[in-house]
Amino acid sequence: MVVGEILLNSGHKMPALGFGTAALPAPTLDELTAILVDAIAAGYRHIDTAAMYGQEEAIGRAVAEAVERGLIKSRGEVFVTSKLNVNDNHRDQVLPALKETLSKLKFDYVDLYLIHWPLRIKKSGDVYNLRAEDLLHFDVKGVWEAMEECYKLGLAKSIGVSNFSSAKLSKILEFATVRPSVNQVEMNVAWQQRKLIQFCKEKNIHVSAWSPLGANGAFWGSLAVMESPILKEIAASRNKSIAQVALRWIVEDGATPIAKSFNKERMKQNLEVFNWQLSDEEICKIQKIPQAKGFSGDIFVVQDHGDYNSVEEFWDGEI
C-alpha cells in the first residue's frame with residue numbers, strides 16, 4: 001500500500017499516516033521492538049513517539065533491525081517524531097532533552113520534534129500523578145527559541161507543538177523565526193476540531209491527529225468513534241472497517257492520523273485508506289456526529305497553581 005506524503009512548511013515531507021506508540025501499560029522493550037519491526041514490514045514509514053512514553057530505545061532498535069533485515073535501506077526512510085517532556089519545558093533544558101532522546105534512539109536527528117504539552121512541571125514531578133507544588137510557569141517564548149536552536153543545529157528537521165489551542169499558536173507566531181510545522185492534537189470524527197483545523201490551514205501549520213479512533217481502552221477514551229452508527233453504516237456499505245472510514249475522514253480533512261494498533265492484521269487494514277474516497281453525502285453525515293472532547297486535561301489543572309485555573313483556560317475555550 002502506497003502512503004501519500006505531506007509537504008511541511010519546513011520543506012520536508014512527512015508520510016500521511018503515522019504509527020502511534022503510546023500505551024499504558026507499555027510493552028516490554030523486546031515486545032515493542034518486534035511490534036515496530038512488524039509495522040515497518042507492513043509499510044509504515046512514520047513512527048510517532050515521545051520522551052514521556054519511555055519507548056525511544058525500542059524505536060531506534062526497530063529501525064536498525066529493519067535496515068539489517070532489508071525491510072528498508074536506511075534510517076532516512078523512516079520519519080520519526082518525538083516530543084519534549086513537560087519536565088523539560090524550560091529554555092535551558094530543551095537541547096539536553098533532545099540530545100538524550102537522540103542518544104536513546106541512536107539517531108543523529110529526529111524528523112520532527114514537538115513541545116508535547118503547553119505546561120511545565122518540576123524535574124521530579126510525575127505527570128500521571130501531579131501534585132500542586134509540581135506545577136511551574138511555562139515560558140513558551142523561551143522554550144520555542146530553544147526549539148528553534150535544535151532546528152538550526154540540524155538535530156530536528158522540523159519542529160512543532162502538540163495540544164496547542166489556536167490562541168497558544170497565535171502567541172508563538174508573534175515571535176517565532178521558525179514557524180511550527182505541525183500541531184498534533186486530539187482529533188477524530190467525534191471531536192472534529194473545526195476552529196483549530198481552519199486556523200492551522202490559514203497559517204500553513206499541518207495538523208496530525210492523535211486518538212483518531214477514540215482511544216477506547218484508555219482511561220479517558222470512549223466508543224464514540226468505533227460504535228458510531230453513522231460510521232457503522234458507511235463501513236458496511238463500503239465493505240470497509242469502521243477504523244478505515246474514521247481514518248479516511250481525517251486524511252480527507254487534510255490531517256495526518258496517528259493510528260495505533262499492535263495487532264498485525266489491523267496494522268495492515270489501517271494503512272488501506274489511500275486508494276478510495278468518501279462521498280460528499282458520507283462526509284455530510286460524518287459532520288453531524290455529536291461532538292465531545294475525549295481527554296479533558298483536568299489532570300494538568302490545579303487551582304491557584306501553575307498557569308491554569310480551569311480546563312477552559314488550559315484549552316483557551318476550545319472545548
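**Entry 1. The annotated site**

Helices (H or I, at least four residues) and strands (E, at least two) are DSSP runs, and I count them from the N terminus. I note at the outset that the model is predicted.

I first looked up where Tyr 53 lies. Tyr 53 sits in the loop between β4 (46-48) and α2. According to UniProt, in an unreviewed entry, the annotation "active site" covers Tyr 53. I then asked whether Tyr 53 is buried or exposed. The relative accessibility of Tyr 53 is 19%, so I enter this residue as buried; the cut-off for buried is under 20%.

**Entry 2. The annotated domain**

The unreviewed UniProt entry also lists residues 17-289 as "domain: NADP-dependent oxidoreductase". I looked up the make-up of that stretch and found 40% helix and 16% strand. The C-alpha atoms at the ends of residues 17-289 are 23 Å apart.

**Entry 3. Salt bridges**

Side chains of opposite charge can pair when their charged atoms come close. How many salt bridges does the structure hold? I recorded 21 salt bridges, and I followed up three of the pairs.

For the first pair, I found that the side chains of Glu 57 and Arg 61 form a salt bridge, at 3.8 Å from N to O. Why are these two separated by about one helical turn? They are four residues apart in helix α2 (residues 56-68), which means a separation of about one helical turn. I noted Glu 57 as partly exposed, with a relative accessible area of 37%. Arg 61 is partly exposed as well, and its relative accessible area is 37%.

For the second pair, I recorded a salt bridge between the side chains of Arg 75 and Asp 111, at 3.0 Å from N to O. Arg 75 is in the loop between α2 and β5 (79-84), while Asp 111 belongs to strand β6 (residues 110-115), so this pair ties together parts that are 36 residues apart in sequence. I asked whether Arg 75 is buried or exposed. Arg 75 counts as buried, with 14% relative accessibility. Asp 111 is buried too, at a relative accessible area of 10%.

For the third pair, the side chains of Lys 168 and Asp 316 meet in a salt bridge, and I noted 2.6 Å from N to O. Lys 168 is part of helix α5 (residues 166-175) and Asp 316 is in the segment after α11 (311-314); the pair therefore ties together parts that are 148 residues apart in sequence. I entered Lys 168 as buried, since its relative accessibility is 12%. Asp 316 counts as partly exposed, at 34% relative accessibility.

I then returned to the first pair. Asp 30, Glu 57 and Arg 61 are joined into one network by salt bridges that share partners.

**Entry 4. Pockets**

I looked up the volume of the largest pocket and recorded about 1200 Å³. Its lining consists of 45 residues, and those nearest the centre are Ala 22, Ala 215, Ala 218, Trp 220 and Lys 260. Which elements give two or more residues to this lining? I found β12 (256-259) and α9 (264-271). With three residues, α9 gives the most to the lining of the largest pocket. By class, I counted 26 nonpolar, 16 polar and three charged residues in that lining.

The second largest pocket holds about 200 Å³ of space. I noted 13 residues along its lining, with Glu 5, Pro 15, Arg 45, Glu 77 and Phe 79 closest to the centre. The lining of the second largest pocket divides into five nonpolar, three polar and five charged residues.

**Entry 5. Cavity**

How many cavities of 30 Å³ or more does the structure hold? I found one. The volume of the largest cavity is about 50 Å³. I listed its lining as Phe 164, Ser 165, Val 185, Gln 193, Leu 196, Lys 293, Trp 315 and Glu 318. Four of these residues are nonpolar, two are polar and two are charged.

**Entry 6. Cysteines**

A disulfide is a covalent bond between the sulfur atoms of two cysteines. I searched the whole structure and found zero disulfides. I also asked whether Cys 150 is buried or exposed. Cys 150 counts as buried, at 0% relative accessibility. I entered Cys 200 as buried, also at 0% relative accessibility.

Definitions and conventions: Residues are numbered from 1 along each chain as its sequence is written. This is a predicted model: local features need pLDDT of at least 70, side-chain atom pairs count only at pLDDT 80 or more; totals for chains, interfaces and linings use all residues. Side-chain values use heavy atoms; hydrogens and water are left out. UniProt positions are given in the numbering used here, feature names are shortened, and annotations may be inferred rather than shown by experiment. A salt bridge is a side-chain nitrogen of Lys or Arg within 4 Å of a carboxyl oxygen of Asp or Glu. Buried means under 20% relative accessible area, exposed over 50%, partly exposed in between (1.4 Å probe, protein chains only). On a 1 Å grid over the protein atoms alone, a cavity is a set of points where a 1.4 Å probe fits but cannot get out, and a pocket is an open set with protein on both sides within 12 Å along at least five of seven lines; lining residues have an atom within 4 Å of a point. Grid points are joined across faces, edges and corners, and a volume is the space filled by probe spheres set on the points. Ala, Val, Leu, Ile, Met, Phe, Trp, Tyr, Cys and Pro count as nonpolar, Asp, Glu, Lys and Arg as charged, and the others, Gly among them, as polar. A disulfide is a pair of cysteine sulfur atoms within 2.5 Å.
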